[in-house]
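Here is a note for a colleague who is opening this structure for the first time. The points below move from the overall make-up to particular places in the chain.

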Amino acid sequence: MRKRKRDGWYVLLMLFAMVGICWILQMKEVERQELSIQGGSTALPENLVHLSDHSYRRVVTNGHIAAGELDGDMVVVRVEEETTDPTQSGGAPEPGPGTSEVVEPGDNPEPQVVVTIGTTDMAYFDDALFIGDSRTVGIAEYGYLENADYFADVSMTVFKLFTAKLSVDGGEKVSLETALTQKQYGKVYVMVGINELGHNREQAVAKFGELINLIETTQPGATIYICANLHVTESRSKTDAIINNDNINSYNKELSAFADGENKFYIDVNPVFDDMSGSLSEDYASDSAHMEAQHYDMWCDWLMEQAVVKTYQ
């Protein structure tokens, strides 16, 4: 009888010990994650903001990584400000966390950017311009973002964008530079690149940089969305030495480096339409490289979930 009691107490003590160990390990993991966020070790790659996976918990703003706060269907990302308290004892303000110099009373710090990312409505695109190739033409013709402007054509390349003349809103044909100087846009979406895969990569990427500079110069207040190029089907990717998903992915990666998380954001729709192989699903494809018309609404739905809104505090 005494042995059974001892065994029972032994088992109970072991259970309590195991629970305690699990609790300690869990607390250490929470502490590790908090320190990781504060130290920036879980930060996104420099100059890259990837929004397509809906992981809005990490967004680059003003060069910092800030944790998102869930607010309904949207996540508000705030930059932690470097603050000082001039009312502290001693008569002189002390620097806040991360500051390297004393801020004198009366100094007016620059306003901090607050970036909100989430679902919007169609009115968001009233001042939007889409620049691109035949995939963007598909959004214009089969999507429902009818109030946006489009500078897009089949077989468009970043090189042709500097010489082509197109009708943006049903009017006369103009160059892209003219279109950008005639009207101020709040958002500019750019998706070109698949038709450049047969060109010199270095030259194509450099020309894309010129395009971004042109947009920034003529549209200083616009948010620029650098859109990943859509994948091709698995069968096309396996048989085409040039237009295949390995080349598309590597090219997309180079284009993503132009994003800065302040005015330029990189977004990637491919996870919406990819199959298990990471290729454009045959379920959505009209051919090896384009969507069926009825699926462009899904693309528009996704674009409405990637809305970037900036305010200042």
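1. A word on terms comes first: helices and strands here are DSSP runs, of at least four residues for helices and at least two for strands, numbered from the N terminus. Read in that way, Y124 falls in the loop that joins β4 (113-118) to β5 (128-132). Please keep in mind throughout that this is a predicted model.

2. On the overall make-up, the protein chain holds 8 helices and 12 strands. Its length is 313 residues, of which 41% count as buried. If one takes the contacts in the protein chain with a separation of 6 or more, 65% of them are between residues 24 or more positions apart.

3. Returning to Y124, is this loop residue buried or exposed? Y124 is buried, because its relative accessible area is 8%, and the cut-off for that term is under 20%. Leaving aside residues up to four places away in sequence, Y124 touches K187, Y189, Y225, A307, V308 and V309. With one of these, Y225, there is also a polar contact between the two side chains, at 2.5 Å. A further partner in space is M304, whose C-alpha atom is separated by 8.2 Å from that of Y124, although the two residues are 180 residues apart along the chain.

4. The next place to look is helix α2 (residues 134-142), which packs with helix α8 (residues 296-304) at an angle of about 95 degrees, the axes being 9 Å apart. That angle makes α2 roughly perpendicular to α8, since 65 to 115 degrees is the range for that description. On the side of α2 the contact is made by R135, G138, I139 and Y142, and on the side of α8 by Y296, D297, W299, C300 and L303. Sorted by character, the residues of this contact divide into 6 nonpolar, 1 polar and 2 charged.

5. Staying with α2, its buried residues are S134, R135, T136, V137, G138 and I139. What covers them includes the strands β5, β6 and β9 (187-191), together with helix α8. At the start of α2, a side-chain oxygen of D133 comes to within 3.1 Å of the backbone nitrogen of R135.

6. A second pair of helices is worth setting beside the one just described. The axes of α4 (residues 201-218) and α6 (residues 245-256) come within 10 Å and cross at roughly 40 degrees, which means that α4 is oblique to α6. The crossing is right-handed. R201, A204, V205 and F208 of α4 make the contact with N247, S250, Y251, E254 and L255 of α6, and the residues concerned divide into 5 nonpolar, 2 polar and 2 charged.

7. Among the strands, β6 contains F151, a residue that is buried with a relative accessible area of 0%. Apart from residues up to four places away in sequence, F151 touches L129, F130, I131, G132, L161, A164, L166, V168, V174, S175 and L176. The C-alpha atoms of F151 and F130 are separated by 6.1 Å, with the residues 21 apart along the chain.

8. Strand β10 (residues 223-227) contains C227, which counts as buried at 10% relative accessibility. Again not counting residues up to four places away in sequence, C227 touches Y189, V190, M191 and I267. Its C-alpha atom is separated by 9.9 Å from that of I131, a residue 96 residues apart from C227 along the chain.

9. T311, in strand β12 (residues 307-312), counts as partly exposed at 39% relative accessibility. With residues up to four places away in sequence set aside, T311 touches Q112, V113 and V114. The C-alpha atoms of T311 and T116 are separated by 8.2 Å, while the residues are 195 residues apart along the chain.

10. Finally, a point of backbone geometry that a careful reader may wish to inspect. Most residues other than glycine have a negative phi. S155, however, has a positive phi of about 65 degrees although it is not a glycine. S155 is found in the loop between β6 (149-152) and β7 (165-167), and at 42% relative accessibility S155 counts as partly exposed.

Notes
Residues are numbered from 1 along each chain as its sequence is written. This is a predicted model: local features need pLDDT of at least 70, side-chain atom pairs count only at pLDDT 80 or more; totals for chains, interfaces and linings use all residues. Side-chain values use heavy atoms; hydrogens and water are left out. Axes are lines fitted to C-alpha atoms, for helices over the stretch in contact, and angles run from 0 to 180 degrees between N-to-C directions. Angles under 35 degrees count as roughly parallel, over 145 as roughly antiparallel, 65 to 115 as roughly perpendicular and the rest as oblique. A crossing is left-handed if the near helix is turned anticlockwise from the far one by less than a right angle, and right-handed if clockwise. Contact means heavy atoms within 4.5 Å. Ala, Val, Leu, Ile, Met, Phe, Trp, Tyr, Cys and Pro count as nonpolar, Asp, Glu, Lys and Arg as charged, and the others, Gly among them, as polar. Buried means under 20% relative accessible area, exposed over 50%, partly exposed in between (1.4 Å probe, protein chains only). A polar contact is a pair of N or O atoms within 3.5 Å; within protein, one must be able to donate a hydrogen and the other to accept it, and residues adjacent in sequence count only if both atoms are side-chain atoms.
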